[in-house]
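Trainee: I'd like to learn how to read a ligand site and some aromatic contacts. Can you walk me through a case?

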Amino acid sequence: MTRIILIGYMGAGKTTIGRQLAKALGVQFYDLDWYIELRYHRRVAEIFQERGEEGFRDLEQRMLHEVAEFEDVVISCGGGTPCFYDNMDYMNRQGETVYLKAPADVLAAHLKMGKTERPLIKGKTPEELQAYITESLAGREPFYSKAKHIFDVSLLDNFDKISLTVRLLRKELGL
Ligand code: S3P
């Protein structure tokens, strides 16, 4: 049975790598944010607006306990998932956790290119974004570092590198 759980900061490439890894392994891919949106018929940003971050974290934990029971899956979590409740210990019990690690400047560059609707960073100037990432990454690192595997994705910026990353990740996981 394969159950791989990808964690890491926003912009680390969890969804992109997870989708490709699942395809390469011939298993289903689940993105926790998408799963939450499907089950609650709400965008993550709307859930933050309606229930606040605390309400979102509660739903997130409940939905994590659903997807992390599925078998033969690759799951990508939200950036904050490992840092609330006992989620990180739970994930370590459920599967092969992999921390996709990148420094703050790389994450900031990815996030500037990507979607702008993430509620925690919406409306920030480039300077504010960099400062926010540096500070919150430091706070989250102790949780992320509990993953069974730590995998550097700092060189990830085009499709060739995504396939290479997936190949190296499979090697790391022995799959
Ligand atoms: C969050 C990351 C987001 C999403 C929510 C909160 C976080 O997921 O769960 O906006 O706390 O880092 P991604 O990491 O997939 O962007």
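**Reading the ligand shell and the aromatic pairs**

Mentor: Helix α3, residues 44-67, gives the most to the shell around the ligand, with four residues. Keep in mind that this is a predicted model.

Trainee: How many residues surround the ligand, and which are the closest?

Mentor: A residue joins the shell if one of its heavy atoms lies within 4 Å. Here 14 residues surround the ligand, and the closest are K14, D33, R57, R118 and R140. Sorted by class, the shell has six nonpolar, three polar and five charged residues.

Trainee: Which polar side-chain atoms should I look at around the ligand oxygens?

Mentor: For polar contacts, you look for N or O pairs within 3.5 Å. In this model, a polar side-chain atom of R140 lies 2.7 Å from a ligand oxygen. For K14, a side-chain N or O atom is 2.8 Å from an oxygen of the ligand. The backbone joins in too: an N or O atom of the G80 main chain lies 3.3 Å from a ligand oxygen. As for cover, the ligand taken alone exposes 390 Å², and the protein buries 96% of that.

Trainee: On to the rings. How many aromatic pairs are there?

Mentor: Rings pair if their centres lie within 6.5 Å, and the angle between planes then gives the label: over 60 degrees is edge-to-face. By that rule the count is six aromatic pairs. Take Y30 and Y35: their centres are 6.0 Å apart with 75° between the planes, so the pair is edge-to-face.

Trainee: Are Y30 and Y35 buried or exposed?

Mentor: Buried means under 20% relative accessible area. Y35 has 12%, so Y35 is buried, while Y30, at 25%, is partly exposed. Y30 and Y35 also form one aromatic cluster with F70.

Trainee: What about Y99 and Y144?

Mentor: Y99 and Y144 form a tilted pair, 5.0 Å centre to centre and 40° between the planes. Y99 lies in strand β4 (residues 96-101) and Y144 in helix α6 (residues 126-144), so the pair ties together parts that are 45 residues apart in sequence. Both rings belong to buried residues: Y99 has 1% relative accessibility, and Y144 has 0%.

Trainee: Which charged end sits over a ring?

Mentor: For that feature, you check the charge's distance from the ring centre and its angle to the ring normal. In this case, the charged end of K124 sits over the ring of Y132, 4.9 Å from the ring's centre.

Key
Residues are numbered from 1 along each chain as its sequence is written. This is a predicted model: local features need pLDDT of at least 70, side-chain atom pairs count only at pLDDT 80 or more; totals for chains, interfaces and linings use all residues. Side-chain values use heavy atoms; hydrogens and water are left out. A polar contact is a pair of N or O atoms within 3.5 Å; within protein, one must be able to donate a hydrogen and the other to accept it, and residues adjacent in sequence count only if both atoms are side-chain atoms. Accessible areas come from the Shrake-Rupley method with a 1.4 Å probe; for residues, only the protein chains shown count as cover. Helices (H or I, at least four residues) and strands (E, at least two) are DSSP runs, numbered from the N terminus. Ala, Val, Leu, Ile, Met, Phe, Trp, Tyr, Cys and Pro count as nonpolar, Asp, Glu, Lys and Arg as charged, and the others, Gly among them, as polar. Rings of Phe, Tyr and Trp (its six-membered ring) pair if their centres lie within 6.5 Å; planes under 30 degrees apart count as stacked, over 60 as edge-to-face and the rest as tilted. Buried means under 20% relative accessible area, exposed over 50%, partly exposed in between (1.4 Å probe, protein chains only). A charge sits over a ring if NZ of Lys or CZ of Arg is within 6 Å of the ring centre and within 35 degrees of the ring normal.
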